[in-house]
Amino acid sequence: MKVLVTGVKGQLGHDVVNELNKRGIESVGVDIAEMDIMDEVSVNKVITEVNPDAVIHCAAWTAVDLAEEEENKEKVFSINGKGTEYIAKVCKKIGAKMMYISTDYVFDGQGETPWQPDQKNYKPLNVYGESKLQGELAVSKILEKYFIVRIAWVFGLNGKNFIKTMLNVGKTHDEVRVVNDQIGTPTYTYDLARLLVDMIITEKYGYYHATNEGGYISWYDFTKEIYNQAGLKTKVNAVSTAEYGLSKAKRPFNSRLDKSKLVKNGFVPLPTWQDALARYLKELEENGAN
C-alpha cells in the first residue's frame, strides 16, 4: 500500500508519515513546495504521478482568527474548500481512498449534547468552519471511498498550539485568564496518527469523530492540568468567552464530539487526554520544543 499525506510539515501530517513508516507502509509526504493545493494542475500532476492507494489530507488553513480578515477569506476557501475538491477529484480518477481531516467547527457549537458524526445540521460560526464544511461536502459528493474525520483542540510537536502558548505564558506571568464556557476534548496528533493509519487500511468508510478520551473539559480545566503536570505555579482565573473578548472569530461553546462510532466499527479509541498531555510534555522536553 502507498499513502500520500498532505501537510507533512504540520503537526498532524508529520506524525501520520512517521506512523506509516513505523508500520512499513510506503508514504509520500507533500507540502506546499511539492504540491500547491490551490492549483488544480499541481494537485492533478503530483497525485497522478505518485499514484497512491490512499490520500490522507492533513493540509489546511487553521489560523481561525486570521481567516476572518477580508484579505484572507478567498485564500482560506481556496485551501480548505477548493483544494480539498481538487484532491477528491484526482482520488476518484485514480481509484484512491481519501481521508479528509475536518473539525468540530462545522457545527454551530450550541447546546450541551455531543455532536454525532453522521448528523448533518451544519451551521458554522466562522469562516474557518465554513471553509472546512465546503471541503467535507466536496469529498462526500465526489467520492464513495472516503473517511471524514473530525477532530478538535489539536496539539503536536510541530507548529503552534494551545499547550505551547500556555506554557510560555505561564513562565512569564503570575496569573492567566482562560475561558471556562467552551467545552470539548483535546487531541494529541501522535495518538490520532495511529488511529488514522488503523482506519486507512480498512474499508470502513464514512464520518468519524476522533479526540482523546478522558472526558469533556473547558479550556480553563485544560490549562490547570497543563500547569499542574508542568509544575508551574501560575494562577488560572476562569472567565466567560464574553469577558475574555479577544477573538475575531466566534468560537463554539459546545465542541463535545461523540466518538462511539469508532468502537462500533472496531477501532481502538485514543488514550485519555491526561495521559496524552503527560507524554506530550515529556516529548517537548526531550525535543527542546517548548
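**Close-up views of a predicted model**

**View 1. Y188 is buried, with a relative accessible area of 3%, in a view that shows its aromatic surroundings.** The structure is a predicted model, and the contacts described here and in the following views were computed from its atoms. A search for ring pairs gives a count of 17 aromatic pairs. One of them joins Y188 to Y280 in an edge-to-face arrangement, with 5.5 Å from centre to centre and 70 degrees between the planes. This pair connects distant parts of the chain, since Y188 belongs to strand β9 (residues 187-188) and Y280 to helix α10 (residues 273-287), 92 residues apart. The partner ring is buried as well: Y280 has a relative accessibility of 0%, and the cut-off for this class is under 20%. Y188 and Y280 both belong to one aromatic cluster, whose other members are W153, F155, F162, Y190, W219, F222 and W273.

**View 2. W153, a member of the aromatic cluster, has a positive phi near 50 degrees although it is a residue other than glycine.** The residue is placed in the loop between β5 (146-151) and β6 (154-155). Despite this loop position, W153 is buried, its relative accessible area being 9%.

**View 3. R251 and D65 form a salt bridge between two loops, with a distance of 2.9 Å from N to O.** R251 lies in the loop between α8 (241-244) and α9 (260-264), whereas D65 lies in the loop between β3 (54-57) and α3 (70-94), so this contact ties together parts that are 186 residues apart in sequence. R251 is partly exposed at 21% relative accessibility, and D65 is likewise partly exposed, with a relative accessible area of 24%. A search of the whole structure finds 14 salt bridges, including this one.

**View 4. The side chains of E69 and K248 meet in a salt bridge, at 2.7 Å from N to O.** E69 is in the loop between β3 and α3 and K248 is in the loop between α8 and α9, so the pair ties together parts that lie 179 residues apart in sequence. K248 is exposed, with a relative accessible area of 53%, the cut-off for this class being over 50%.

**View 5. Within helix α6 (residues 189-200), D198 and R194 are 4 residues apart, a separation of about one helical turn.** The two residues form a salt bridge in which the closest N and O atoms are 3.5 Å apart. D198 is buried, with a relative accessible area of 18%. Salt bridges with shared partners join R194 and D198 to E19, K22 and R23 in one network.

**View 6. Helix α2 (residues 40-50) has the buried residues S42, V43, V46, I47 and V50.** These residues cover an arc of only 105 degrees around the axis, which means that they lie on the same side of α2. In general, an α-helix has 3.6 residues a turn, so residues three or four places apart point the same way. The buried residues of α2 pack against β1 (2-6), β2 (26-30), β3 and α3, while the face turned away from the buried side carries the exposed residues V41 and E49.

**View 7. The two ends of α2 are shown, with D39 at the start and N51 following the helix.** At the start, a side-chain oxygen of D39 reaches to within 3.0 Å of the backbone nitrogen of V41. N51, which is not a glycine, has a positive phi of about 50 degrees. Its place is in the loop between α2 and β3, and N51 is partly exposed, with a relative accessible area of 45%.

**View 8. Two lysines, K204 and K261, are each shown with an aromatic ring.** The charged end of K204 sits over the ring of F267, at 5.4 Å from the ring's centre. K261, in turn, lies over the face of Y208, where the distance from the ring centre is 5.0 Å.

Methods:
Residues numbered from 1 in each chain as written. Predicted model: local features only at pLDDT ≥ 70, side-chain atom pairs only at ≥ 80, totals over all residues. Heavy atoms only, no water. Salt bridge = Lys/Arg side-chain N within 4 Å of Asp/Glu carboxyl O. Buried < 20%, exposed > 50% of the residue type's maximum accessible area, 1.4 Å probe, protein only. Phe/Tyr/Trp six-rings, centres within 6.5 Å; stacked < 30°, edge-to-face > 60°. Lys NZ or Arg CZ within 6 Å of the ring centre and 35° of its normal. Arc of directions from axis to C-beta. Contact = heavy atoms within 4.5 Å. Polar contact = N/O pair within 3.5 Å; in protein donor to acceptor, adjacent residues only side chain to side chain.
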